[in-house]
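Biologist: I'd like to go through this model with you, one question at a time. Shall we start with the charged side chains?

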Amino acid sequence: QGIFVLGLPYALLHSGYSGLFLIVLAAALCCYTGKILIACLYEENEDGQLIRVRDTYEDIANACCKKLSPRLGGIVVNVTQVMELIMTCILYLVVSGNLLSHSFPYVPVTEKTWFVIAFVTLLPCVFIKTLKIVSKLSQICSLVHFIIIFVVMTYCLTRTHQWSWAKFKLSVEFEDFFVSIGVIIFSYTSQIFLPTLEGNMKNPGEFRCMLNWTHFFACVLKSTFALTAFLTWGEETKEVITDNLPLFLQTLVNLCLLTKALLSYPLPFFAATEIVCACISRGNYSNYSSPLFALGVRGSFLLLTLLMAMFIPHFALLMGLTGSVTGAAMTFLLPSLFHLKLNGKKLSFIEKCADISVFILGFLCSLAGIVCSMKGLLKVFG
């Protein structure tokens, strides 16, 4: 339940009743593709027992593309992963700048200046070398996130006398609808981490059950949060829902959100730079395996996120674009394609139809989401 859950009420504003259906459908599809992705890690031995022969998303991709090129699939997956992780970092920076400007409206500073201030506080990230520090920061993030959700939900429940189902649209604008799809997809993306998660479980046999329950509860929380927030503010729902809160609550929640956004940044940042450094060092070039080189990579990535945040400071549109490009690829397109490639001979007709349907649906949503998000960004920039 990342910080991007705060964009779901805005997605409902543009998708109406269909948005609630999409939140449920996305949960079901993401749960399914998570299962088939993990199935690609296993192969049957001579006794018919399933043996884990692959460890990562990259290994699966390389196995699928080994006839074309031994590393082609891994390169595609790594590029997509890095894109998604870096876009996530950019979104955290955008949120931080947005929150700072709303928390201190009387300070004569532009939003871009707030981006730079947030960037300065993140400079220590270039010195993070292990996940031990990142994990401690993530624990604090989880606690802060529950506080934020509790405050917003409690306020919404005190305004139930203002709720009206008439606020929901029956008809939706095509472009706004597909941007909403990207936002909803991005709020569920977790496939990048599933192979590692399943490999570290004490009992991997419980993975499918765990995936069912986590997606069920995620769906319930997302639907409840998005619905109560939208019913409270209706047409006035903003891109980041905390901007709708009254000033006395907004400042408190925004400061909590700012803390969460800044502390959440190191995880995707660390993961992205580790992938890049690992890929480069694989070439056995001694010059590229030095600590100084790793520091340069981290510094370059940090600067890249600042520049992107300053040029595209629109939270919902950027999230929709990210969800449509990398989120759809990693969540729908690649798992279904890899499953068909590696296990196609053993799949039943219904399973093959399910994979093909998920692939086509993911492709269409991704294509439409990209076009609509780009048009939205072009419109914003005149």
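Biologist: Is Arg54 buried or exposed?
Modeller: This is a predicted model, so take the number as computed. Buried means under 20% relative accessible area. Arg54 has a value of 9%, so the residue is buried.

Biologist: Which residue does Arg54 meet in a salt bridge?
Modeller: The N to O distance in that salt bridge is 2.4 Å. The partner lies in strand β1 (residues 42–44), while Arg54 lies in the loop between β2 (50–52) and α3, so the pair ties together parts that are eleven residues apart in sequence. The partner is partly exposed, with a relative accessible area of 36%. The residue you want is Glu43.

Biologist: Which residues do salt bridges that share partners join into one network?
Modeller: Take the bridges in turn. Asp55 forms one with Arg52, with the closest N and O atoms 3.1 Å apart. Arg52 also forms one with Glu198, at 2.9 Å between the closest N and O atoms. The shared partners give one network of Arg52, Asp55 and Glu198.

Biologist: How many residues apart are Arg52 and Glu198?
Modeller: Arg52 is in strand β2 and Glu198 in helix α8 (residues 194–199), so we're looking at distant parts of the chain. Arg52 is partly exposed at 27% relative accessibility, and Glu198 is buried at 2%. Along the chain, the two are 146 residues apart.

Biologist: And how many salt bridges does the count come to?
Modeller: The rule wants a side-chain nitrogen of Lys or Arg within 4 Å of a carboxyl oxygen of Asp or Glu. Glu43 with Arg54 passes at 2.4 Å, as does Asp55 with Arg52 at 3.1 Å and Arg52 with Glu198 at 2.9 Å. The count comes to three.

Biologist: On to the rings. Is the pair of Tyr57 and Phe338 stacked or edge-to-face?
Modeller: The ring centres are 6.2 Å apart and the planes sit at 75°. Planes over 60 degrees apart count as edge-to-face. So the pair of Tyr57 and Phe338 is edge-to-face.

Biologist: Which helices does that pair tie together?
Modeller: Both ends are tucked away: Tyr57 is buried at 2% relative accessible area, and Phe338 is buried at 5%. The residues are 281 apart in sequence, so the pair ties together distinct parts of the chain. Those parts are helix α3 (residues 57–64) and helix α13 (residues 315–343).

Biologist: What kind of aromatic pair do Tyr155 and Trp233 form?
Modeller: Both Tyr155 and Trp233 are buried. Tyr155 lies in helix α6 and Trp233 in helix α9, so the pair ties together parts that are 78 residues apart in sequence. The centres are 5.9 Å apart with 15° between the planes, and the pair is stacked.

Biologist: What do the buried residues of α6 pack against?
Modeller: The buried residues of this helix include Val134, Leu137, Ile148 and Tyr155. For the packing, contact means heavy atoms within 4.5 Å. The partners are α9 (207–233), α10 (247–264) and α11 (266–281).

Biologist: How far apart are the end C-alpha atoms of helix α6?
Modeller: Helix α6 (residues 131–157) has 27 residues, and at 1.5 Å a residue they should span 39 Å. The modelled value agrees with that expectation: the end C-alpha atoms are 38 Å apart.

Biologist: Which residues form the nonpolar patch on the surface?
Modeller: Together they have about 540 Å² of accessible area. One of them, Phe363, lies in helix α14 (residues 349–380) and is partly exposed at 43% relative accessible area. The patch is formed by Ile356, Ile360, Phe363, Leu364, Leu367 and Val371.

Biologist: Zooming out, what share of the residues counts as buried?
Modeller: The protein chain has 14 helices and two strands. It exposes about 18500 Å², with carbon and sulfur atoms supplying 69% of that area. Of its 382 residues, the buried share is 52%.

Note on methods: Residues are numbered from 1 along each chain as its sequence is written. This is a predicted model: local features need pLDDT of at least 70, side-chain atom pairs count only at pLDDT 80 or more; totals for chains, interfaces and linings use all residues. Side-chain values use heavy atoms; hydrogens and water are left out. Patches are made of residues with over 30% relative accessible area and no salt bridge: like charges are joined within 9 Å, nonpolar side chains (Val, Leu, Ile, Met, Phe, Trp, Tyr) within 5 Å. Accessible areas come from the Shrake-Rupley method with a 1.4 Å probe; for residues, only the protein chains shown count as cover. Helices (H or I, at least four residues) and strands (E, at least two) are DSSP runs, numbered from the N terminus. Buried means under 20% relative accessible area, exposed over 50%, partly exposed in between (1.4 Å probe, protein chains only). The expected span of a helix is 1.5 Å times one less than its number of residues. Rings of Phe, Tyr and Trp (its six-membered ring) pair if their centres lie within 6.5 Å; planes under 30 degrees apart count as stacked, over 60 as edge-to-face and the rest as tilted.
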